[in-house]
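Open the model in your favourite viewer and keep the sequence beside it. The exercises below each start with a task, followed by a solution in steps.

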Amino acid sequence: MKLSNGVEWALHGCVTLSQSDSPVPAARLAELHGTPPAYMAKQLQALSRAGIVRSTPGQVGGYTLTRPASAITALEVVRAIDGTEPAYRCTEIRQRGPLGVPAEQCARPCAIARAMADAQDAWARALARVSIADLAAAIDTDSGGSAMAGVRRWLTTGTAHHG
């Protein structure tokens with residue numbers, strides 16, 4: 001299964017937004033993550049259409065999460081960016097070729113399609129169990145507790161370290 005780069009950028013963007021009490025401009029999120037501003041804006045627009053973020057216009061405008069980070073799942077973000085189409089699409093190849101099975105004998109999906117659907121369901125359940133708040137906490141744990149403080153400091157001062 002291949003996800004677009006936009007998924008990574010949107011997840012990082014949502015984690016960053018979870019650390020801010022005020023709107024964060026798209027250009028600022030792009031700067032923080034070293035991503036092209038237009039592409040980050042595109043991801044934020046998709047998140048906005050999905051109701052995950054809201055845009056506030058004006059001089060102090062930017063993006064904020066529409067709900068607490070604990071109420072937004074990684075699956076919601078993935079689907080907002082890459083859509084809801086399954087990774088695997090069965091084309092009923094079993095009905096083709098010299099040994100093709102007649103359509104009337106194909107009342108249920110074949111073993112391959114069932115296995116792929118089960119894998120897709122397991123993947124979706126795993127992402128549905130992880131919130132943006134969970135990701136922020138795990139990123140913080142991975143950094144020894146400094147990552148989110150650094151993000152908050154950068155958002156308010158523009159620098160990553162005291163100094």
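Helices here are DSSP runs of H or I with at least four residues, numbered from the N terminus. Keep in mind throughout that this is a predicted model.

**Exercise 1. Place L75 in its helix and find out whether L75 is buried or exposed.**

Step 1. Start with the element: L75 belongs to helix α4, which covers residues 74–82.

Step 2. Apply the cut-off: buried means under 20% relative accessible area. L75 has 8% relative accessibility, so L75 counts as buried.

Step 3. Look for partners beyond the four nearest places in sequence on either side. L75 is in contact with W123, A124, L127 and A128.

Step 4. Check one of these pairs along the chain and in space. L75 and A124 are 49 residues apart in sequence, yet their C-alpha atoms are 6.4 Å apart.

**Exercise 2. Widen the view to α4: which residues of α4 are buried, and what covers them?**

Step 1. List the buried residues of α4: A74, L75, V77, V78, A80 and I81.

Step 2. Recall the helix geometry. An α-helix has 3.6 residues a turn, so residues three or four places apart point the same way.

Step 3. Identify the cover. The elements over the buried residues of α4 include α1, α3 (37–49), α5 and α6 (132–142).

Step 4. Inspect the end of the helix. Just after α4, G83 has a positive phi of about 85 degrees.

**Exercise 3. Describe the largest pocket by its volume and lining.**

Step 1. Take the volume, which is about 250 Å³ for the largest pocket.

Step 2. Move to the lining. Of its 17 residues, G83, E85, A87, Q120 and W123 are the closest to the pocket centre.

Step 3. Assign elements: α4 and α5 (111–128) are the elements that give two or more residues to the lining of the largest pocket.

Step 4. Sort by residue class. The lining of the largest pocket has 8 nonpolar, 3 polar and 6 charged residues.

Step 5. Link back to the earlier exercises. G83, with its positive phi just after α4, is among the residues closest to the pocket centre. W123 is on that list too, and W123 is also in contact with L75.

**Exercise 4. Find how many disulfides the structure has, and explain why C90 and C110 are not bonded.**

Step 1. Search the whole structure: the result is 0 disulfides.

Step 2. Test C90. A disulfide needs two cysteine sulfur atoms within 2.5 Å. The closest cysteine sulfur to that of C90 is in C110, at 5.0 Å, so the two are too far apart for a bond.

Step 3. Compare accessibility values. C90 is partly exposed, with a relative accessible area of 35%, while C14 is buried at 0% relative accessibility.

**Exercise 5. Trace what S131 and S70 touch, and say whether each is buried or exposed.**

Step 1. Locate both residues. S131 sits in the loop between α5 and α6, and S70 in the loop between β2 (62–65) and α4.

Step 2. Classify each one. S131 counts as buried because its relative accessibility is 6%. S70, at 55% relative accessibility, counts as exposed.

Step 3. List contacts, leaving out residues up to four places away in sequence. S131 touches A69, S70, I72 and T73; S70 touches S131 and A133.

Step 4. Add C-alpha distances. S70 and A133 are 63 residues apart in sequence and 4.8 Å apart in space. For S131 and A71, the sequence separation is 60 residues and the distance 6.5 Å.

**Exercise 6. Examine two loop residues, S20 and E92, for location and accessibility.**

Step 1. Take S20 to begin with: it is in the loop between α1 (5–17) and α2 (26–33). Its relative accessible area is 18%, so S20 is buried.

Step 2. Look at the S20 side chain. One of its polar atoms lies 2.6 Å from the backbone oxygen of S22.

Step 3. Turn to E92, in the loop between α4 and α5. E92 is partly exposed, with a relative accessible area of 24%.

Step 4. Read the backbone angle. Phi of E92 is near 55 degrees, a positive value in a residue other than glycine.

Definitions and conventions:
Residues numbered from 1 in each chain as written. Predicted model: local features only at pLDDT ≥ 70, side-chain atom pairs only at ≥ 80, totals over all residues. Heavy atoms only, no water. Buried < 20%, exposed > 50% of the residue type's maximum accessible area, 1.4 Å probe, protein only. Contact = heavy atoms within 4.5 Å. Polar contact = N/O pair within 3.5 Å; in protein donor to acceptor, adjacent residues only side chain to side chain. 1 Å grid on protein atoms, 1.4 Å probe; cavity = no way out; pocket = protein on both sides within 12 Å on 5 of 7 lines; lining within 4 Å. Points joined across faces, edges and corners; volume = space filled by probe spheres on them. Nonpolar A, V, L, I, M, F, W, Y, C, P; charged D, E, K, R; others polar.
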